[in-house]
Amino acid sequence: MRTDHQLDHQVCFALYSAARAAMAGYRDSLAELGLTYTQYVTLLALWERDGRTVSELGTVLRLDSGTLSPLLKRMSATGLLERRREGEDGRRVTIHLTDAGRDLESEVAAIQRRLHDAVDMEPEELATLRQLAQRFCESAAGITDPIQGAPR
């Protein structure tokens with residue numbers, strides 16, 4: 001059985017290239033706000049539901065604690081969010097937006113609109129692309145646990 005090794009026939013390369021293109025589209029605009037792409041998606045998760053636990057954020061963002069903890073510390077240091085110890089023993093940590101973090105939402109929405117308008121795809125095509133990418137992530141989770149990075 002012959003395996004097709006052409007680069008442009010690889011789903012993984014198409015997804016990798018698309019992800020890089022999407023992040024590049026955001027990079028300069030986010031940098032003007034002092035944000036990285038990972039900080040941006042963290043804010044999106046918190047605008048969706050403020051007060052998530054660190055572990056919830058890790059799951060939603062598909063980030064391990066070694067990546068997430070330093071990210072949250074940096075965002076806390078820049079005044080975008082705060083970490084709160086909860087519960088009787090203080091082991092549960094929740095992440096909350098500050099006023100500065102909430103204030104960025106309208107500026108980020110303008111960036112999203114500008115980039116969405118610049119992409120030469122119909123809204124239905126973008127919705128299908130998003131749904132297929134989400135389905136791929138769910139399916140690929142059976143191959144490798146994205147949080148732990150270990151085969152299942």
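This report walks through a predicted model, from its first helix to its sheet, core and cysteines.

## Helix α1

Let's begin with α1, which covers residues 11-32. Its 22 residues should span 32 Å at 1.5 Å a residue, and the C-alpha atoms at its ends lie 33 Å apart, so the expected span and the model agree. The helix does bend, by about 35 degrees, and the place to look for this is Tyr26.

Tyr26 also belongs to the buried residues of α1, together with Ser29 and Leu30. Among the elements that cover these buried residues are α2 (37-48) and α5 (99-118). Just after the helix comes Gly34, whose phi is positive, at about 80 degrees.

## Gln39 in helix α2

Gly34 turns up again when we move on to α2, the helix that holds Gln39. Setting aside neighbours within four places in sequence, Gln39 is in contact with Gly34, Leu71, Arg74 and Met75. Is this glutamine, Gln39, buried or exposed? Gln39 counts as buried because its relative accessibility is 8%, where the cut-off for buried is under 20%.

## The three-stranded sheet

The sheet is an open one, with three strands in the order β1-β3-β2 and antiparallel pairing. Its edge strands, β1 (52-53) and β2 (81-86), each pair on one side only. Strand β3 (residues 92-97) pairs with β2 over six bridges, while β1 and β3 are joined over two bridges.

If you would like to trace the register in the viewer, here are some pairs to pick out. Glu86 stands opposite Arg92 of β3, and Arg85 stands opposite Val93 in that strand. On the β1 side, Thr53 has Thr94 of β3 as its bridge partner. The hairpin of β2 and β3 has five residues between the strands, and Gly87 in this hairpin takes a positive phi near 85 degrees.

How enclosed is β3 by the rest of the structure? Largely so, because five of its six residues are buried.

## The nonpolar core

The largest nonpolar core contains 23 residues. Within that core, the residues with the most contacts are Leu35, Leu43, Leu57, Leu68 and Ile95. Two or more core residues come from each of α1, α2, α3 (54-61), α4 (65-77), β3 and α5. Which element gives the largest share of this core? That is α2, with five residues.

Leu35 is a good residue to select if you want to explore this region. Apart from neighbours within four places in sequence, Leu35 contacts Leu30, Leu43, Leu80, Leu104 and Val108. Of these partners, Leu30 is one of the buried residues of α1, and Leu43 is among the core residues with the most contacts.

## The cysteines

A disulfide is a covalent bond between the sulfur atoms of two cysteines. How many disulfides does the model have? The count is zero, with a pair needing its sulfur atoms within 2.5 Å to qualify. The cysteine sulfur closest to that of Cys12 belongs to Cys137 and is 13 Å away, so the two are too far apart for a bond. Cys137 likewise is in no disulfide.

The accessibility of each cysteine can be checked too. Cys12 counts as exposed because its relative accessibility is 54%, and the cut-off for exposed is over 50%. Cys137 has a relative accessible area of 32%, so this residue is partly exposed.

Definitions and conventions:
Residues are numbered from 1 along each chain as its sequence is written. This is a predicted model: local features need pLDDT of at least 70, side-chain atom pairs count only at pLDDT 80 or more; totals for chains, interfaces and linings use all residues. Side-chain values use heavy atoms; hydrogens and water are left out. Helices (H or I, at least four residues) and strands (E, at least two) are DSSP runs, numbered from the N terminus. The expected span of a helix is 1.5 Å times one less than its number of residues. The bend at a residue is the angle between axes fitted to the seven residues ending there and the seven starting there. Buried means under 20% relative accessible area, exposed over 50%, partly exposed in between (1.4 Å probe, protein chains only). Contact means heavy atoms within 4.5 Å. Two strands pair if DSSP finds at least two bridges between them. A nonpolar core is a set of buried Ala, Val, Leu, Ile, Met, Phe, Trp, Tyr and Cys residues joined through side-chain atoms within 4.5 Å.
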